[in-house]
Amino acid sequence: MGEDGSVTSAPQRPDGPTPTPRLIATDLDGTLLRDDKSVSLRTVAALAAAEEAGIEVFFVTGRPARWMDVVSDHVHGHGLAICANGAAVVDLHAGRKFVQVRALPRATALTVVDTLRASAPGTSFAVEMTTGINYEPLYPPFFQDPGAHVATAEKLLEEDADDTSAPLLKLLAHHAELAPDEFLALARSVAGGYASITRSSPTALLEISALGVSKASTLELCCAERGISPAEVVAFGDMPNDVEMLRWAGTSYAMGNAHPDVIAAASGRTVANNEDGVAVVIERILAERAAHQR
C-alpha cells in the first residue's frame with residue numbers, strides 16, 4: 001500500500017540459508033497483487049512452479065470470499081484460501097464455499113460499536129457477513145454492492161440475530177478525520193479486550209474480528225491439519241493485518257512498500273508488489289532447492 005519507501009534492489013533475506021518451505025502464505029492486496037489488482041505473468045508462473053515443486057500456496061487475505069475472483073484461477077491443489085483476516089476458510093474450487101467460519105458474536109460487535117461511538121464520534125460502520133456486506137448511511141462503500149442493506153449498525157446487528165442468521169465475519173469501522181494508525185491505536189486501547197482489531201487500508205478503516213481471530217491463528221490451524229510447523233512456512237505481507245502472520249511464520253518477508261510495523265515484524269524484506277516481490281523470493285527458493293538437489 002506504499003506506506004514506506006519502496007525497496008527496489010535485491011531482497012534482504014533472513015540470516016542463514018533460505019529454508020525450503022512446505023507452505024507459502026501470501027497476502028493479496030499490496031503484496032501478491034500489483035496496484036492495478038492484477039497478478040503478473042511472472043507471479044503466475046512462480047506460483048505454479050511452487051505448486052509443481054510440492055509447496056502448497058495459501059492466499060491469506062482480508063478480502064471477503066466474493067472478492068476472490070482475481071486469484072481463483074491461480075489456486076492449485078487444495079483450492080483453499082483464508083479470507084476476512086482469518087474469519088473464514090474458503091474453497092475456491094467449489095464456488096467459494098465456506099469450509100470454516102470463525103464468527104464474531106453479534107453481541108460483541110454491538111459492544112464494540114457502542115465503545116467506538118463514545119470514544120471516536122463520527123465513526124461509521126459496516127457489517128461483513130457470509131452472505132455479503134451491509135452498512136450505515138455515512139459509511140463509504142469502497143465497492144458498491146447492490147444487495148447491501150443500509151441502516152444503523154445497531155439495527156443491522158440486531159436484525160434476525162438468531163440461530164439461522166448469517167454468521168458475522170467482521171465489523172468494519174471508518175473515520176473520516178482520524179489518521180489510520182491513530183484510529184487503530186485508539187480502537188485497540190478502548191475495545192481491544194472485546195475483539196481483534198487491525199487495518200489493511202490506507203484510510204482510517206478498521207477491520208474487527210472475534211477475539212483471537214487473525215490471519216496467523218487461522219493459518220496455524222490449517223497448517224496443523226497438514227502437519228506443517230511454523231518453521232516450514234514462508235509468509236509475505238505489507239500491512240498491519242499481516243503482522244501476526246509474519247511473526248508466526250518461520251521465514252517472513254515484508255514487501256518493499258510495506259507499513260513500518262510490518263517491516264519490523266518480518267525476518268526479511270523483498271521488493272515492492274509492483275515489482276513482483278513475492279515471485280522474486282519464490283524463484284530464489286526454487287533455484288536454491290534445485291542447486292541443492294544436483
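Ala84 sits in the loop that links strand S3 (80–83) to strand S4 (88–91), and this turn is a friendly place to start a tour of the chain. Strands here are DSSP runs of E with at least two residues, helices are runs of H or I with at least four, and both are numbered from the N terminus. Residues are numbered from 1 along each chain as its sequence is written. The model is predicted, so local features need pLDDT of at least 70 and side-chain atom pairs count only at pLDDT 80 or more, while totals for chains, interfaces and linings use all residues; side-chain values use heavy atoms, with hydrogens and water left out.

**The turn between S3 and S4**

Asn85 is placed in the loop between S3 and S4 as well. Neither Ala84 nor Asn85 is a glycine, yet each has a positive phi. The table sets out their values.

| Residue | Phi | Relative accessibility |
|---|---|---|
| Ala84 | about 50 degrees | 1% |
| Asn85 | about 60 degrees | 2% |

Ala84 counts as buried, and Asn85 does too. Buried means under 20% relative accessible area, exposed means over 50%, and partly exposed lies in between, using a 1.4 Å probe and protein chains only.

S3 and S4 make a hairpin with 4 residues between them. The two strands pair in the antiparallel sense over 4 bridges; strands pair if DSSP finds at least two bridges between them. Ala81 has Val90 in S4 as its bridge partner.

What covers the faces of S4? Both faces are covered: Ala88 and Val90 on one side are buried, and so are Val89 and Asp91 on the other. In a regular strand, side chains alternate between the two faces of the sheet.

S4 also joins S5 through 4 bridges, and these strands run antiparallel. Asp91 stands opposite Lys97 in S5. The hairpin of S4 and S5 has 5 residues between the strands, and there Gly95 takes a positive phi near 70 degrees.

**The sheet as a whole**

These strands belong to an open sheet of 8 strands with mixed pairing, in the order S5-S4-S3-S2-S1-S11-S12-S13. Why do S5 and S13 each have one side without a neighbour in the sheet? Strand S5 (97–101) and strand S13 (268–269) stand at the edges, each with a single partner strand, so one side of each is left free of a neighbour there.

S12 and S13 pair in the parallel sense over 2 bridges, and Ala254 stands opposite Arg269 in S13. Helix H10 packs on the sheet, touching strand S1 (23–26), S11 and S12. Its direction makes about 160 degrees with that of S11, where axes are lines fitted to C-alpha atoms, for helices over the stretch in contact, and angles run from 0 to 180 degrees between N-to-C directions.

**A ring pair and its neighbour in H10**

Searching the whole structure gives 2 aromatic pairs. In one of them, the rings of Phe236 and Tyr253 have centres 5.5 Å apart and planes at 15 degrees, so the pair is stacked. Rings of Phe, Tyr and Trp (its six-membered ring) pair if their centres lie within 6.5 Å; planes under 30 degrees apart are stacked, over 60 edge-to-face, and the rest tilted. Phe236 lies in strand S11 (residues 233–237) and Tyr253 in strand S12 (residues 251–254), so the pair ties together parts that are 17 residues apart in sequence. Both Phe236 and Tyr253 are buried.

Val281, which has its place in helix H10, is buried with a relative accessible area of 0%. Leaving aside neighbours within four places in sequence, Val281 is in contact with Phe236, Tyr253 and Thr270; contact means heavy atoms within 4.5 Å.

**The nonpolar cores**

A nonpolar core is a set of buried Ala, Val, Leu, Ile, Met, Phe, Trp, Tyr and Cys residues joined through side-chain atoms within 4.5 Å. The largest has 61 residues, and those touching the most other members include Phe59, Leu171 and Phe236. Helix H10 (residues 277–293) gives the most to this core, with 6 residues. A second, separate core of 24 residues includes Leu23, Ala216, Ile228 and Ala266.

**The whole chain**

The secondary structure comes to 10 helices and 13 strands, and 56% of the 294 residues count as buried.
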